[in-house]
Amino acid sequence: MFLNNTIPAYINQFMQSQSGVFGSDIVAATVVVVASVILAFIADFLFKRVFLHYAAKTRYDCDDLIVDALKKPIFYTVVFMGAFISAEIVFPGNTAIEIIMGLLLTGLGILWILALLRIDKILFKHVFSHLVGKTDTRMDDELLPLFKNIVDVLIVFFGILAILKGVWDADILPLFASAGIVGLAVAFAAQDTISQFFGGISIYFDQPFKPGDRIEIDDGEIGIVQEVGIRSTRIKNLYNNMIVIPNSIIANSKITNYTSPEETMMVKVTIGVAYGSDVEKVRNILTDIAKSVNFVLDDPSPYVRFDNHGDSSLDFAIVMWVTHPGEKFTVINEVNTKINAEFEKEGIEIPFPVRTIIHQR
């Protein structure tokens with residue numbers, strides 16, 4: 001009935017080849033039971049006196065806990081296998097004995113499922129949590145409980161399938177089909193949540209930004225990343241407001257990271273002067289202004305560029321670098337303020353467009 005009759009067949013074949021060695025089936029069964037109990041206690045002794053002893057000497061706690069979690073299932077497995085083999089020797093093909101052994105084996109399978117769940121908890125608590133704690137992002141900390149729950153579900157699911165198929169020789173294909181149908185139904189019902197979840201996964205692995213980075217999304221939203229979550233990313237914009245953006249949107253957007261690969265940022269201020277102005281004089285004034293402004297770096301040195309002959313002005317550009325993107329607007333404000341004051345003092349005209357309207361009667 002159970003194990004597809006594989007193990008009972010091997011046991012019967014072995015006993016036929018060894019007929020006459022033990023004298024009777026009762027003696028053979030007794031030898032097997034005694035041997036299995038002795039092996040179980042030897043295994044228990046090794047776990048208590050050897051494995052736990054050496055595990056206690058390491059600086060990690062997880063190995064002690066894993067050894068302790070395996071000790072009991074291995075002990076009962078060895079004892080059960082002895083009882084199982086003995087039952088097959090004495091009562092070969094007995095339906096009642098097979099049912100009893102099947103129930104005991106089911107209990108043993110549940111014991112191993114619980115042991116694996118305990119080991120899974122130990123690994124996620126003492127190993128994986130320590131690894132993700134070393135990263136800068138909080139997303140992996142949020143994903144860790146989710147992955148643990150997924151692993152727990154898989155352990156229970158496949159453990160039950162193994163018991164049903166291995167012990168009771170049940171047809172498990174309908175279960176797989178049912179699981180697939182349920183999975184599709186859940187996927188359709190929560191497709192937005194799933195897309196946001198996988199968007200968060202792609203952000204975690206691609207790492208286009210991290211908390212503290214100043215970014216701009218292709219819709220023009222600029223802000224500092226506060227937190228990258230499983231479903232959404234939180235950004236504090238220039239108005240000191242918190243913006244929550246679904247990860248599915250960010251994963252499909254063009255992102256400009258002003259902090260990466262380095263925080264040093266170029267700032268450009270454009271200004272136009274009237275035709276007839278002294279170009280070198282304007283260039284020197286703008287250069288002095290750029291060098292005198294706070295937050296502007298000396299290296300790279302700021303410079304002034306004569307960009308274009310515009311429709312109504314000679315267009316110049318001041319190119320500067322700042323240490324941090326947050327200093328950009330302060331620099332622009334200070335530069336424009338000083339330009340207005342210096343040009344007024346030096347008599348340099350800043351033109352404005354003039355249009356002549358001809359009215360015909």
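These legends walk through several close-up views of a predicted model.

**View 1. Three strands make an open sheet.**
Start with the sheet whose strands are ordered β6-β8-β7, with antiparallel pairing. Its edges are β6 (265-273) and β7 (303-309), each of which pairs on one side only. Going from one strand to the next, the twist averages 25°. Nine bridges hold β6 alongside strand β8 (residues 314-322), again in the antiparallel sense. If you want a spot to get your bearings, look for Gly272, which sits opposite Asp315 in β8.

**View 2. Helices α9 and α10 pack on that sheet.**
Here we stay with the sheet and bring in its helices. Helix α9 (residues 279-292) packs on the sheet and touches β6, β7 and β8. The direction of α9 makes about 20° with that of β8. Helix α10 (residues 328-346) packs on the sheet too, touching β6 and β8. For α10, the angle to compare is with β6: their directions make about 25°.

**View 3. Strands β2 and β3 form a hairpin.**
Now move to another pair of strands. Strand β2 (residues 222-228) and strand β3 (residues 232-237) run antiparallel and are joined by five bridges. Between β2 and β3 there are three residues, and the two strands form a hairpin. To follow the pairing by eye, find Gly223, whose bridge partner in β3 is Asn237.

**View 4. β3 also pairs with β4.**
Follow β3 onward and you come to its pairing with strand β4 (residues 242-246), which is antiparallel and has five bridges. Two bridges make handy landmarks: Ser232 is partnered by Pro246 in β4, and Lys236 is partnered by Met242. The hairpin of β3 and β4 has four residues between the strands, and in it Asn240 takes a positive phi near 65°. Which residues of β4 are on its covered face, and which are on the uncovered one? Ile243 and Ile245 make up the covered face, while Met242, Val244 and Pro246 make up the uncovered face.

**View 5. A close look at Thr233 in strand β3.**
Is Thr233 buried or exposed? Its relative accessibility is 0%, so Thr233 counts as buried. The side chain of Thr233 makes a polar contact with the side chain of Asn247, at 2.7 Å. Leaving aside neighbours within four places in sequence, the residues in contact with Thr233 include Ile203, Phe209 and Ile250. Also among them are Val225, Glu227 and Val228, as well as Ile243, Val244 and Ile245. Ile243 and Ile245 may ring a bell: they are the residues on the covered face of β4.

**View 6. Helices α2 and α3 pack against each other.**
This view takes in helix α2 (residues 25-56) and helix α3 (residues 62-90). Their axes are 8 Å apart and make an angle of about 175°. α2 and α3 are therefore roughly antiparallel to each other. What kinds of residues make up the contact of α2 with α3? By class, there are 23 nonpolar, three polar and seven charged residues.

**View 7. Two cis peptide bonds, at Pro261 and at Pro300.**
The bond between Ser260 and Pro261 is cis, with omega about 5°. Pro261 lies in the loop between β5 (255-257) and β6, where β6 is one of the edge strands of the sheet in the opening view. The peptide bond joining Asp299 and Pro300 is cis as well, with omega about 5°. Where is Pro300? Look in the loop between α9 and β7.

**View 8. Positive phi at Asp169 and at Phe295.**
Asp169 isn't a glycine, yet its phi is positive, at about 55°. You'll find Asp169 in the loop between α5 (139-167) and α6 (173-189). With a relative accessible area of 38%, Asp169 is partly exposed. Phe295, also a residue other than glycine, has a positive phi near 75°. Phe295 is found in the loop between α9 and β7, the loop that holds Pro300. With a relative accessible area of 45%, Phe295 is partly exposed.

Key: Residues numbered from 1 in each chain as written. Predicted model: local features only at pLDDT ≥ 70, side-chain atom pairs only at ≥ 80, totals over all residues. Heavy atoms only, no water. Pairing = 2+ DSSP bridges. Axes fitted to C-alpha atoms, helices over the stretch in contact; angles between N-to-C directions. Contact = heavy atoms within 4.5 Å. Parallel < 35°, antiparallel > 145°, perpendicular 65-115°, else oblique. Nonpolar A, V, L, I, M, F, W, Y, C, P; charged D, E, K, R; others polar. Buried < 20%, exposed > 50% of the residue type's maximum accessible area, 1.4 Å probe, protein only. Polar contact = N/O pair within 3.5 Å; in protein donor to acceptor, adjacent residues only side chain to side chain.
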